[in-house]
Amino acid sequence: MPDQTQIATQQSAPPVAAMKMRKADAATQARIAEVSTLIARVGRRNQLLVKVTTEDGLVGWGESGLSGREKSVAATVDHYAGFLVGQDSRNISRIWQESYRSQYFEGGRVLTAAISAIDIALYDLLGKRLEVPVYQLLGGKQRDVIPTFGTTMGNTKEQQLKDVALLVEQGWTCIRTYPGSFDDGDVFDPRATLSQTAEELMAIRAEFGNRICLGVDMHHRYTVAETADFCAMMPKGTLNFIEEPIRSETPEAYAALRKMTDIPFAVGEEFASKWEAARFLDAGMTQYMRLDVSNIGGFTEAMKVAAMSERHYVDVMPHNPLGPVCTAASVHMSAAVPNFSWLETRQTAVEKLGYHDASLFPKQIEMKGPVYLLPEAPGLGVEVNEDALRKQKPEHVEGPHLKRPDGSVTNW
Ligand SMILES: [Mg+2]
């Protein structure tokens with residue numbers, strides 16, 4: 001004879017059949033019903049959003065990072081939709097594997113930009129389904145706010161100094177310059193820009209002393225020799241990091257450059273996988289990991305690269321140049337990563353880019369001074385005004401096709 005306690009336990013426990021049915025219902029509701037893309041003109045650029053809808057009507061949003069080639073990524077998302085519809089949206093890491101491995105020609109920036117946007121949308125969905133912010137799905141928060149670095153935009157040394165002064169006044173302690181000479185028409189003379197950029201940086205350091213951390217984004221426009229010359233112009237202690245001076249196709253070129261200067265490198269915004277990142281980390285060729293969650297493969301790949309960076313005592317400094325969905329994804333990732341320095345922001349008073357239009361994204365991650373606040377809302381914490389965005393017809397946007405003074409083509 002069972003005692004009264006056993007009887008009570010048996011009566012309150014749900015029957016096994018009912019539990020199985022509930023699990024089956026949950027799996028059905030979480031199945032992917034539709035994957036669609038939306039390319040909209042927001043501010044100076046087009047943004048490519050990916051929308052994933054499940055059988056129960058929940059919606060998740062992701063953003064692709066391959067700015068300027070959105071149509072290629074949208075077509076790839078369309079390919080993937082063919083096998084994603086009907087899958088359980090909660091199997092995020094498995095979907096990543098299937099998206100990456102189930103084709104003969106794996107990888108590449110177009111494919112991983114599509115995978116990134118889908119992965120971010122699936123995390124948004126899962127957070128909404130479980131009613132938790134995404135960072136809780138990534139292991140929880142390591143910090144209470146997300147510090148950022150601001151970027152200057154001035155075209156002259158005087159304007160650069162004004163930009164830095166405004167950022168410092170508003171609380172920024174890490175500032176990256178974007179040399180003014182970079183946006184001077186379609187002609188770009190790499191040699192001629194080096195001395196101007198060096199003078200700007202020396203003036204900023206002289207004016208603001210060591211209370212700021214100072215970096216420069218060289219936008220991979222130079223050769224190894226040009227970069228070595230530039231670094232030699234910098235008095236020791238002027239620069240805290242130099243971002244992407246050369247293109248990253250040949251890691252051995254970075255290895256050669258690494259021997260010519262002791263200024264820390266910040267590289268990684270072009271990486272499209274952990275395999276690309278590993279070559280730089282393992283050889284000590286970047287001291288900050290500039291990964292982009294909307295390009296490298298979403299949260300699934302970004303968290304792996306962050307862990308690989310941690311092993312090398314390298315802090316993540318995420319690339320975040322796009323819209324509110326990319327920013328939110330970057331904030332959640334930055335919250336969960338232990339080895340973190342600053343997140344890029346393009347929302348300072350210095351820059352008026354229009355990428356975070358509140359009429360198109362009524363709810364976004366909030367900023368307070370130089371930090372992003374962590375959202376408590378489920379998912380990414382971003383609300384998308386889809387009707388308004390669909391009215392923002394994309395325009396054909398090309399990056400500058402830069403030429404040297406002799407007419408030859410050079411890097412944007
Ligand atoms: Mg950059």
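## Exercises: helix packing and a three-stranded sheet

Helix 8 and helix 9 come out roughly parallel to each other, where "roughly parallel" covers angles under 35 degrees, over 145 is roughly antiparallel, 65 to 115 is roughly perpendicular and the rest is oblique. Keep in mind that this is a predicted model: local features need pLDDT of at least 70, side-chain atom pairs count only at pLDDT 80 or more, and totals for chains, interfaces and linings use all residues. Residue numbers start from 1 along each chain as its sequence is written.

**Exercise 1. Work out how helix 8 and helix 9 pack, and which residues do the touching.**

Step 1: get the geometry. Helix 9 (residues 224-233) packs on helix 8 at an angle of about 20 degrees, with the axes 10 Å apart. Axes here are lines fitted to C-alpha atoms, for helices over the stretch in contact, and angles run from 0 to 180 degrees between N-to-C directions. Helices (H or I, at least four residues) and strands (E, at least two) are DSSP runs, numbered from the N terminus.

Step 2: get the hand. Helix 8 passes helix 9 in a right-handed crossing, meaning that the near helix is turned clockwise from the far one by less than a right angle, while anticlockwise would be left-handed.

Step 3: list the contacts. Helix 8 brings Pro-190, Arg-191, Leu-194 and Ala-198, and helix 9 brings Glu-226, Asp-229, Phe-230 and Met-233. Two residues are in contact if their C-beta atoms, placed from the backbone, lie within 7 Å.

Step 4: sort them by class. You get five nonpolar, no polar and three charged residues. Ala, Val, Leu, Ile, Met, Phe, Trp, Tyr, Cys and Pro count as nonpolar, Asp, Glu, Lys and Arg as charged, and the others, Gly among them, as polar.

**Exercise 2. Describe how helix 7 packs on helix 8.**

Step 1: helix 7 (residues 157-169) meets helix 8 (residues 190-208) at an angle of about 40 degrees, and their axes are 10 Å apart. That makes helix 7 oblique to helix 8.

Step 2: the crossing of helix 7 past helix 8 is right-handed. On the helix 7 side, the contact uses Lys-157, Gln-160, Leu-161, Val-164 and Val-168; on the helix 8 side, Glu-199, Glu-200, Ala-203, Ile-204, Glu-207 and Phe-208.

Step 3: the class count for helix 7 with helix 8 is six nonpolar, one polar and four charged residues.

**Exercise 3. Do likewise for helix 11 and helix 12.**

Step 1: helix 11 (residues 274-282) and helix 12 (residues 298-311) pack at about 15 degrees, axes 10 Å apart. Helix 11 and helix 12 are therefore roughly parallel to each other, and their crossing is right-handed.

Step 2: Lys-274, Ala-277, Ala-278 and Leu-281 of helix 11 face Glu-301, Lys-304, Val-305, Met-308 and Ser-309 of helix 12 in this contact. Those residues split into five nonpolar, one polar and three charged.

**Exercise 4. Trace the open sheet and find its edge strands.**

Step 1: three strands line up in the order 1-2-3, with antiparallel pairing. Strands pair if DSSP finds at least two bridges between them. Strand 1 and strand 3 (59-63) are the edges, each pairing on one side only, and the twist averages 25 degrees from one strand to the next.

Step 2: look at the first pair. Strand 1 (residues 32-42) and strand 2 (residues 45-54) are joined by 10 bridges. Ile-32 stands opposite Thr-54, and Val-42 has Arg-45 as its bridge partner.

Step 3: add the helix. Helix 3 (residues 70-84) packs on the sheet and touches strand 1 and strand 2, its direction making about 170 degrees with that of strand 1.

Step 4: check the turn. The hairpin of strand 1 and strand 2 has two residues between the strands, and Gly-43 takes a positive phi near 65 degrees.
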